[in-house]
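I opened this entry to log what I looked up, one topic at a time. Pockets come first, then helices, salt bridges and sheets.

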Amino acid sequence: MRISVTIILAGIVFALQGCATLPGVSRSLPSRIGPYREITLQRGIYIAAHKIDLTPPIMTKGKFLAEDGQHGNKGDTVCELVVALLEEDVQQRSADRAAARVAFMKAEGIASFNHSIVGCRLERARLELESKQEDEDKNREMRDWGRITEETENIPVQRIELDLARRRLKALERLDERGLGARSEQLIERKNVLLAELTASSTQRLLPWLNEHIDQKQFFPAFQAREAASQALSLAMTEFVTGEKNGKASVEAARANLVETDERVTWLESQIASAVMRAGTPGICLRGKPANGMMSDRITEGDRVYPGMTILSIQDSDDFVVEMQVAERDFARLASGAALRFTPDAFPERVIPGRINEITLMAQEADPQNPMGERFFEVRAMLDAPVPGLPTGGAGTVEIMTSSALPGSTASAALFIGREALAFRDNRWEALAGFQELPQDLEYLGKNYLEAAFRPSGSLIPAAAPPRIVALEKHPGVRAVSLPGEVRPRRRALIAPPFSGRLAMVLEDGAKVTKGDVIAIMETTDIDKESADLAIQIKTRGEQLDLLKSKNLVEIERARRKAQIAEGSLEVARLEHSMLLTRRDEDEIINLEKNRELIKSRLHVLEEQYVLENDLFKRGLRSDLELMSTRLEIAKQKRDAAVNKSKLDLATDGPLPHDVHLSELAVKQAESDLTQARLEAAMASFSSGVEEKALAVDLDALNLKRSIKEKRKVEAPIHSPRDGILMQPEVWKMGRLSKVKSGDKLSYGVPFMHVADAEDLEIHLEVSEMDGKFFTPGRPVEITVKSAAGRVFPGFVDRSGLIIDTDNRDRQDGFIEVFVGLGSPGARVGLPDPAFRPGGTCEIKLVAYDIAEALQVPFNAFRPSVSGPVVVDEQGREHSFSPLFTDGLNGCFVASGIDEGLRVRLFEPEKDFR
């Protein structure tokens, strides 16, 4: 126990003494003098400066895709998509557009006819109001003109009768005074006087009343009729305005529906046209590599594509840029136009200069799930020349020159000291323990990722440790690369359902099929039911169309007969009007003329009698009473003559103006009725034709739907497109990975299995971008399979990818896809052994290089430059050389430029810096 403790303590003391620095011994500070430059290091991705990504406008399948690496000119067809469903959709939408056009034509025609018909009704109501107004005016102006004339002519007669009655009364009073008269005769005559006065007074009061007042019994019905016509006109005006607005609204709605449907059809046709994609710029075509639900692989013909998926990229093969993600802390040091150097990881001996040409204005989140975390800016730099042999997507180191002179001075030299020998304490740089002390009067300038820069102070420059020197020698160069691979069929055909639905039958995984075999059947129960329902609807629509045609014939004939009746009514109104203008009562005129002559004769006799009696009165042979009696008869005859003349004038003058105007209005009303009847007949014919056309279009749409259903029934059996083995990879469904089985619901265009040619296989590798240059097409490889232990199969590199996939979350370097064929390039073997099965794993061994003797430069003995890699000899002179190739493990192999035995410096972080 004691011995063990003693040994342990002794070991501890020895270790402490060995670790301590001996007093007075110190190492030199690693330093150098050189131009002062501030360099910012970034990781960059090598990409094409100009790239066009082609994305499908619809979810469908690829019909044709340009091959990887194919150079396309502007306007070349690089992609075609399957548009069968779009064409069916166009057919259905075209049927909808035809129906919408018929609906628009119907709405527009009906609105126009309704506008005209309601306008005729409005005009008819206006004429009716004018007619009723004329009738009211007629009744308002109507008087008993015969009675007025008779009463007017009665006034002188009544005066004479009153004067005669008064004189008779006076004569009887005088006889009574003499005792010769009878009291009874006097009373009778007094009564006659009072009656004459009353009659004369009544006539005087009646005449003004007859001239001023109308007959209310006749005027009130005319007034009521005029009010009703006025209300009917207001109602017709309201119907006209409302009908016009409703007609415009229905037409606009039908037009909007037609425009929407037409735009949809146009959009679908544009989608069909866009299914043929052409190169918008010349460049190299690269197929996309999305996850298609079954495996992550380059898109091939028959694969499912959807909007937003990049199915093809066209990259410019002349100009290239480096894309970087610069952290916020370094962003302020960058500026557009700043110079930089790009060293690709795959070719560390090469340096390509360039300049920053694009800096984003907005920072982006490095981790979307952590909004408060690190942010970065995207920066792009245009390279002066492309990197030969480097596929796009390759990663590398970017040195950005952020400053090239001493601050505040024109001097270009600075003292650089390795930061691994320095410590920053109390706001100043100090040498670490064991290193030479740092002079106190050095002015600190700045630092980068390897060193700190100070302003030189003459002789107070720390001593630099001497660099290590190595002599270049020739060595044999041998390296073999072993990588895992996956066996895949070289030719495969994805199988996707022709429509969405349930799977009724599917062959088992691994079944061997030939081209044309039924490998799966989609369930068509719902389709059969829908097809039967459509057949019933088609039969019903056909019967409705026949019935509608018969009904329309009756309606058109009824409207035509109504128009004929309106024509007859117009002819009757015109005939009545012409008869009214020429109508006379000839018998009445003859009677009145005879009566006029008779009255004239009587008046002539009475006037002669009056002359004789007046002469006898002057001689005293006649009394004044007898003379007045004759005057009374003369006045009565004149009254009868005036009344007869008035009646004769009315009989010979023809109809009154009111009657003529009413007759003219009746003719206009008949014309309006005829116009309305003709419009209704035309509307009935138009409506019948439009309704028949709409029903015919509906019938065509149903037939189209049924034909699509029948097509689905034909497509239900899914046939194998090629000979091969049926493979059902596990797909994601119902929240878990499983294979498709009968009864599962499938979506259109989503692959659920594929037919692989198991007799023609290849091997898929993922090769690091640093080793990708060794996997050139045609190079031989050795293949070993776990299921065939101890056996080695020959193979060859068939082709390599044209883009490097880089994902820093999974691996630091990018990888490039390599496909290995079985056999040899001249004698390809499809299935060398039953051990090879699609989906199996294997090991691929490739001899990257096997050089008997070559001059090798260690990895830390050369540095890249724009003109090529260089080495620095022990005198500090630079020597350029041409590399054969560079390997990350064995350094750079020299082709020419330097010789064996050259002593070169090793670039070490503690001593030397670029």
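For my pocket notes, a pocket is an open set of grid points with protein on both sides within 12 Å along at least five of seven lines, and a lining residue has an atom within 4 Å of a point. I note at the outset that this is a predicted model.

**Entry 1. Largest pocket**

I looked up the volume of the largest pocket and got about 1,200 Å³. Which residues lie nearest its centre? I found T300, E301, R492, A493 and L494 there, out of 50 lining residues. Next I asked which elements each supply at least two residues of this lining. The helices are α2 (84-141) and α10. The strands are β23 (473-489), β24 (492-495), β28, β36 (793-800) and β37 (815-824). I then split the lining by class and got 24 nonpolar, 7 polar and 19 charged residues.

**Entry 2. Second largest pocket**

I put the second largest pocket at about 890 Å³. It is lined by 32 residues, and I45, I47, G393, I804 and T806 are the closest to its centre. Six strands went on my list, each with at least two lining residues: β2 (38-48), β3 (51-54), β8 (283-287), β10 (312-315), β11 (320-327) and β15 (375-383). Which of them gives the most? I found β2, with 7 residues. By class, I logged 10 nonpolar, 12 polar and 10 charged residues for this lining.

**Entry 3. Helices α7 and α10**

I returned to α10, already noted at the largest pocket. Helix α10 covers residues 657-715, and it packs with helix α7, residues 525-582. I read an angle of about 170° and an axis separation of 8 Å. Are the two roughly parallel or roughly antiparallel? Angles over 145 degrees count as roughly antiparallel, so I class α7 and α10 that way. I also looked up who makes the contact: 25 nonpolar, 11 polar and 24 charged residues.

**Entry 4. Salt bridges**

I asked how many salt bridges the model holds, and the count is 55. I picked out one pair, D673 with R124, whose side chains meet at 2.8 Å, N to O. D673 sits in helix α10 and R124 in helix α2. They are 549 residues apart, and the pair links distant parts of the chain. My note on why such pairs form: side chains of opposite charge can pair when their charged atoms come close.

**Entry 5. Sheet with β28 at an edge**

I traced an open sheet of 4 strands, in the order β28-β27-β25-β32, with antiparallel pairing. Which strands stand at its edges? I found β28 (717-719) and β32 (745-746). Each has a single partner strand, so one side of each is left without a neighbour in the sheet. I then checked the pair of β25 (501-506) and β27 (518-522), and it has 3 bridges. V506 has A520 of β27 as its bridge partner.

**Entry 6. Sheet with β3 at an edge**

I traced another open sheet of 4 strands, in the order β3-β10-β8-β5, and its pairing is antiparallel. The edge strands are β3 and β5 (71-72), and each pairs on one side only. Inside the order, I counted 4 bridges between β8 and β10. One of the partner pairs is R287 with L312 of β10. Strands β3, β8 and β10 were on my list for the second largest pocket as well.

**Entry 7. Pairs around β6**

I looked up β6 (77-81) and found 3 bridges to β4 (60-65), in the antiparallel sense. G62 stands opposite L81 of β6. I also found that β6 is joined by 3 bridges to β7 (276-278), again antiparallel. Here T77 stands opposite R278 of β7.

**Entry 8. A hairpin**

I closed on β18 (422-425) and β19 (428-431), which run antiparallel and are joined by 4 bridges. L422 has A431 of β19 as its partner. How many residues lie between the strands of this hairpin? I found 2, and D426 takes a positive phi near 50°.

Technical notes:
Residues are numbered from 1 along each chain as its sequence is written. This is a predicted model: local features need pLDDT of at least 70, side-chain atom pairs count only at pLDDT 80 or more; totals for chains, interfaces and linings use all residues. Side-chain values use heavy atoms; hydrogens and water are left out. Axes are lines fitted to C-alpha atoms, for helices over the stretch in contact, and angles run from 0 to 180 degrees between N-to-C directions. Angles under 35 degrees count as roughly parallel, over 145 as roughly antiparallel, 65 to 115 as roughly perpendicular and the rest as oblique. Ala, Val, Leu, Ile, Met, Phe, Trp, Tyr, Cys and Pro count as nonpolar, Asp, Glu, Lys and Arg as charged, and the others, Gly among them, as polar. Two strands pair if DSSP finds at least two bridges between them. On a 1 Å grid over the protein atoms alone, a cavity is a set of points where a 1.4 Å probe fits but cannot get out, and a pocket is an open set with protein on both sides within 12 Å along at least five of seven lines; lining residues have an atom within 4 Å of a point. Grid points are joined across faces, edges and corners, and a volume is the space filled by probe spheres set on the points. A salt bridge is a side-chain nitrogen of Lys or Arg within 4 Å of a carboxyl oxygen of Asp or Glu.
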